[in-house]
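Colleague: Please take a close look at one part of this model for me. Start from a single side chain, then follow the contacts outward.

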Amino acid sequence: MNHNTVVRSLQILTHLLALYGVYYSVVNSAWALLGTSVLVYWFIGVFGINIGYHRLISHRSFETYKPIEYILALIGCITSIGSPLAWSVLHRHHHGHAEKDTDVHSPYHLGWFRAWFGLWSVPHISPKLSRDLRKIKFYRLTHKYYLHIIALYVLILALINPLFIVYIYAIPAVLVLHSTSAIIVIAHMHGYKTHDIDDESRNSWIASLITLGEGWHNNHHANSKAWNNQERWWELDPPAWIIRAIKK
């Protein structure tokens, strides 16, 4: 299987497990387990995706120590939205083609439903977009052994408590997937534009609430090298607070 097939298969599996988890919690009044899933989602979403995959690996908007960078990347791996290399390159492609015919997941070309649920195919992407990451052995290995990393994580959870596979892996992974969809769709269709740039990226408080700070998307598209997306006092950016503490 190619990488995209692996990722899509994992996402189908996590959705099935998530549905079981919701059913189990309702039947057994196990609300604390669902609450734990939300907390794990916040952690892996903010550290693994917002800070790690997005602002650090994709855009190199700040520099940190290599052990921290690699830990953030591994946290991003367990969200099951792709390897650091694959996700970052696809995101870089999006920035270069936002709202154009070649934008892989524009809701304006695909419609919001297809864009949200990932019913799009991976386009031809210039090798130049991955050149820097392919030079780093860690990113080559996490791409090659992506499924192995997730399998090891799931095995550890299973050894502790099989229910952890549902509540600490599957449900948080589903929430992360839909939070990234919120940026793909909501942050390109709802909100205001501070910067007059050639795409439909918008600053959306709804997307920002869902993702804990990533919704100030027009600010980000206007300056993708900025590690802090806050420009107005109400545009709170929790990931930037953490970056301020870990950046060199």
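**The end of a helix and what surrounds it**

Modeller: Ser58 lies in helix α2, which covers residues 31–58. Keep in mind that this is a predicted model. Ser58 has a relative accessible area of 4%. The cut-off for buried is under 20%, so Ser58 counts as buried at its 4%.

What does the Ser58 side chain reach? One partner is the backbone oxygen of Tyr53, at 2.7 Å. Another is the side chain of Ser88, in a polar contact of 3.1 Å.

Stay on helix α2 and go to Arg55. Arg55 and Glu214 form a salt bridge, with 2.3 Å between the closest N and O atoms. This pair ties together distant parts of the chain: Arg55 is in helix α2, while Glu214 sits in the loop between α11 (205–211) and α12 (217–222). The two are 159 residues apart. Are these partners buried or exposed? Both Arg55 and Glu214 are buried. The pair is also part of something wider, a salt-bridge network that links Arg55, Glu214 and Asp237. The background is simple: side chains of opposite charge can pair when their charged atoms come close.

The loop that holds Glu214 has another feature. Leu212 is found in the loop between α11 and α12. Leu212 is not a glycine, yet its phi is positive, about 60 degrees. That deserves a look, because most residues other than glycine have a negative phi. Leu212 has a relative accessible area of 27%, so it counts as partly exposed.

Now the other end of helix α2. Ser29 is placed in the loop between α1 (3–28) and α2. Ser29 also has a positive phi, about 50 degrees, although it is not a glycine.

Step back into helix α1. Ser9 is found there. Ser9 is partly exposed, at 36% relative accessibility. Its C-alpha atom is separated by 9.7 Å from that of Ser80. Along the chain, Ser9 and Ser80 are 71 residues apart.

Another long-range pair involves Lys144 and His3. Their C-alpha atoms are 8.7 Å apart, with the two positions 141 residues apart along the chain. Lys144 belongs to helix α8 (residues 137–144). At a relative accessible area of 59%, Lys144 is exposed.

Back to the charges. How many salt bridges does a search of the whole structure find? It finds seven. One of them is the buried pair of Glu214 and Arg55 described above. Next, Asp132 and Arg92 form a salt bridge, with the closest N and O atoms 2.8 Å apart. Here again distant parts of the chain are linked: Asp132 is in helix α7, Arg92 in helix α4 (residues 84–97), and 40 residues separate them. The partners differ in exposure. Asp132 is partly exposed, at 32% relative accessibility. Arg92 is buried, with a relative accessible area of 15%.

Glu200 and Arg202 also meet through their side chains in a salt bridge, 2.6 Å from N to O. Glu200, at 26% relative accessibility, is partly exposed. Arg202 counts as buried, at 19%. The cut-off is under 20%, so the 19% of Arg202 falls on the buried side.

Last, the surface. Lys128, Arg131, Arg134 and Lys135 form a positive patch there. Lys128 is placed in the loop between α6 (112–116) and α7 (131–134). The exposed cut-off is over 50%, so Lys128 counts as exposed with its 61%.

There is a nonpolar surface patch too, of about 630 Å². Which residues make it? They are Tyr108, Trp112, Phe113, Phe117, Leu119 and Met189. Of these, Trp112 has its place in helix α6.

To return to where we began: Ser58 is buried, and its side chain contacts that of Ser88. On the same helix α2, Arg55 belongs to the salt-bridge network with Glu214 and Asp237.

Methods. Residues numbered from 1 in each chain as written. Predicted model: local features only at pLDDT ≥ 70, side-chain atom pairs only at ≥ 80, totals over all residues. Heavy atoms only, no water. Helix = DSSP H or I, 4+ residues; strand = E, 2+ residues; numbered from the N terminus. Buried < 20%, exposed > 50% of the residue type's maximum accessible area, 1.4 Å probe, protein only. Patch = residues over 30% accessible without salt bridge, like charges linked within 9 Å, V, L, I, M, F, W, Y side chains within 5 Å. Areas by Shrake-Rupley, 256 points an atom, 1.4 Å probe, with all protein chains shown as cover. Salt bridge = Lys/Arg side-chain N within 4 Å of Asp/Glu carboxyl O. Lys, Arg positive; Asp, Glu negative; His and termini not counted. Charge placed at Lys NZ, Arg CZ, Asp CG, Glu CD. Polar contact = N/O pair within 3.5 Å; in protein donor to acceptor, adjacent residues only side chain to side chain.
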